[in-house]
Amino acid sequence: MVEISAQQKSWGVSYGEMVRREFVKNKLNVVNLVLIVILFALAVLAPFLANDKPFMIRLDGKLMFPLFASLTASDYSILLAAAIGIWQLILIRRNRRNIEPSVRGQVLTRQLLINASILLVGSILFFVFMPRRLDATDYKGLISSGRASDAIFAPIPYGYARTDLKVREQPPSKEHWLGTDDVGSDVLCRLIYGSRISLSVGFVAVGISSLIGVFIGSILGYFGGKVDFIGMRLVEIMMAIPVFFLIITIVAYWQRSLFNIMVIIGLTTWTANARFVRAEFFKLRNQDFVQAAVSLGLPLRSVLFRHMLPNGIAPVLVEATFGIAGAIFIEAALSFLGFGVAPPTPSWGQMLSLGVSTTGRFLWWLTLFPGLAIFLTVLAYNLVGEGLRDAIDPRLRKAA
Amino acid sequence: MIPTMLGITIIVFGISRLAPGNPVSLSMGPGGQLDAQRAADVRKARMQLYGLDKPIPVQYVNWLKHVVTFNFGDSIKHHRPVIELIKERLPITLTLNLIAFVIIYVVSIPTGMLAAVRHKRFFDQFSSVVLFMLWSLPAMLVGQLLIGYFCGPAFVSWFPPAGLSSNQADTLPFFPWLTDRLWHLVLPVICLTYSGFAYLTKQVRAGMLESLRADYVRTARAKGLSNVTVIFRHAFRNSIIPVITIMATLLPAMLGGSVIIERIFSIPGMGMLAFEAVTTRDYNVVMAVATIAGLMNLVGLLLGDIAYAVADPRVSFESSV
């Protein structure tokens, strides 16, 4: 052990570590990162925070656990994804201590691949083998009628799809902390479940647009010349149609579903990424390590993605953070216009659009709370992106 | 320019043809009223009528022939030529966006300059935080709050909640008409402008910081020129050049944003037209709006290039590629 720690000092500080230290220096960045982690926790733990089924209930003398029994396959997949994500973070921490920097990248790639495949297989198994249960029992009614007792409810004892027309459009009260919407669903509950939509749209859309952007940008940047000229004309064409109009046009023709919205946002927002990566690859192309890789006879795939990409990935990361904020924004706007996911699936934009009721009444709680949710999420991602950019920008680092 | 325009039309046409289903089966509904033989005949006749029986490249060329003459067909909902609708709606959106555009530049340039001059001091940090918050505020939230609190019984009703002009505004003489119109435009313009401030101010600040650090500014200061002269004549004029090119990227973003704003404030502009067309599946209008939006964006890019050449005498189009 003593030997390793002595050796560790000579490893020096990796690029990622330098960026991390610079990033953490600004306390505002840390606050925002914590905010994002809380949002993630809310999205993952949504069924345990807001649910109309009790954790535990004694029904006709028998002890039952309806909440756990009614978790769906997607709930389990999300929990699995969260667990794997945390495990991966622990692994990265461990790698930093135990594994030599020169092979760290390879080890990380292998770990990521293994974990991703575990997640994929796990979710497929969940979706194939989980029985679909529809539990429409009114547990609160059972309790008030005296058939059940000893119930432990979630902190917000309402379901996102549970409607109750007796309490429609009510301002915040003790029962409904943030009020109710036009069909009497609890706003807080729907906000918590809505964070799932926003986060998944943000990450999947940005994942798609980053992949396309990196792929096209690296090819254009590496080859240059004719390939670059033709490719850039294509990118220009994509950029020439205002993104929102393009998305609306596609939405008009395709069926509206969460998956389609993710794909559409991803397919229409990759141009900025492509341009950044292209500019970065132009700079890298003539550097010695790239020339060395080429003259060693490595395949193109290896030159582009093993040797060049890790050195040109920084702007993509920054752009991705802003991209998540942008995708959440676009999804909210689409849902606001009624082109988003279909109710009763909760989405922040759709909830916001209920702020003016069909009779023209202004319902402030339905405007303010979903709006603030979008605002805070987008602000957190934007500020993290800004912090990341400052941390990566070498000019600033030299000055500091 | 022209290849890009062709590319835009290919994308728009591609989207419309790659989608599942076609207008004929949509207009015929699920069927069942007619017997199968007659239904097939009607379908075939209609496919021929709309030219849908031809191969897709032929369909595209036919469509393009019409588009070149701005003939986008008829709107299914309004029963009028699409281009007439766009002619009515486009000026409204352009007015709205151009007013917002001017305000963004008028506010952002001084703010950005001041932030750069006060680099790392209170004003710089304060303005950057405020602008970031403005940037992240969804227009839907701001719009609805403004309508809720300034146009209704909830708080005060200073502004009209919807539309572009009051009833019978056409009968008013010019100046009352103008004030009425401006009165209606106040809230939508606020919604359109605030998010642009952040973006442009950041660019102005960055450009200004760069030129304030440049050698020629140091030289100017060393010559003993006053601070005002250095900032306005030396630093500002050089830093403004990239800001002009941003025009080209700001405009399409604003056009997209105006879909939401026009919807919130019920303004009958291009955005509203697009929204209605999508909800009623008025495909001719959808395609036309997307094509025109792309065309306008190209015009914006061209204007940006021209303005760039005017602002920076070093740039000329003659000698370059």
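This is a short walk through some features of a predicted model with chains A and B.

Okay, thanks everyone. Keep in mind that what's on the screen is a predicted model.

Let's start in chain A with the little sheet. It's an open sheet of 3 strands, in the order 2-1-3, and the pairing is antiparallel. For anyone who doesn't look at sheets every day, strands of a sheet pair through backbone hydrogen bonds, either parallel or antiparallel. Strand 1 of chain A covers residues 56-59, and strand 3 covers residues 148-152; they pair over 3 bridges. If you want a spot to click on, Leu59(A) stands opposite Ala148(A) there. Strand 1 also pairs with strand 2 of chain A, residues 62-64, again antiparallel and over 3 bridges. On that side, Arg58(A) has Leu63(A) as its bridge partner.

So which strands stand at the edges? Strand 2 and strand 3 of chain A do, each with a single partner strand, so one side of each has no neighbour in the sheet. The twist from one strand to the next averages 15 degrees.

Have a look at the turn as well. Strands 1 and 2 of chain A form a hairpin with 2 residues between them, and Asp60(A) in that turn has a positive phi of about 50 degrees.

Staying in chain A, go to helix 3, residues 27-49. There's a kink of about 45 degrees at Ala43(A), shortly before the proline Pro47(A). Pro47(A) is also one of the buried residues of helix 3, along with Asn32(A), Val44(A) and Ala46(A). What covers them? Among the elements doing that are helix 4 (66-69), helix 5 (73-98), helix 8 (187-223) and helix 17 (364-392) of chain A.

Now over to chain B, and two loop residues. Phe70(B) isn't a glycine, yet its phi is positive, about 55 degrees. You'll find Phe70(B) in the loop between helix 4 (56-68) and helix 5 (82-117) of chain B. Phe70(B) is partly exposed, with 15 other C-beta atoms within 10 Å. Lys120(B) is another non-glycine with a positive phi, this time about 65 degrees. Lys120(B) sits in the loop between helix 5 and helix 6 (122-136) of chain B. Buried or exposed, then, for Lys120(B)? Exposed, because Lys120(B) has 7 C-beta neighbours inside 10 Å.

Next, a helix pair in chain B. The axes of helix 5 and helix 10 (residues 227-264) come within 10 Å and cross at roughly 145 degrees. That crossing is right-handed. The helix 5 side of the contact includes Leu96(B), Ala100(B) and Phe101(B), and among the helix 10 residues are Phe236(B), Met254(B) and Leu255(B). By class, the contact of these two helices has 9 nonpolar residues, 3 polar and no charged.

Last stop, the place where the chains meet. Here 40 residues of chain B are in contact with 38 residues of chain A. On the chain B side, helix 1 (2-18), helix 6, helix 7 (139-150), helix 10, helix 11 (270-280) and helix 12 (283-311) each supply at least two residues. Which helix of chain B gives the most? Helix 1, with 8 residues. And the chain B side divides into 27 nonpolar, 11 polar and 2 charged residues.

That's my tour, so over to you.

Methods: Residues numbered from 1 in each chain as written. Chains lettered and ligands numbered in written order. Predicted model: local features only at pLDDT ≥ 70, side-chain atom pairs only at ≥ 80, totals over all residues. Bend = angle between axes of the 7 residues up to and from the residue. Helix = DSSP H or I, 4+ residues; strand = E, 2+ residues; numbered from the N terminus. Buried ≥ 20, exposed ≤ 12 C-beta atoms within 10 Å, placed from the backbone. Contact = placed C-beta atoms within 7 Å. Axes fitted to C-alpha atoms, helices over the stretch in contact; angles between N-to-C directions. Left-handed = near helix turned anticlockwise from the far one by under 90°. Nonpolar A, V, L, I, M, F, W, Y, C, P; charged D, E, K, R; others polar. Pairing = 2+ DSSP bridges.
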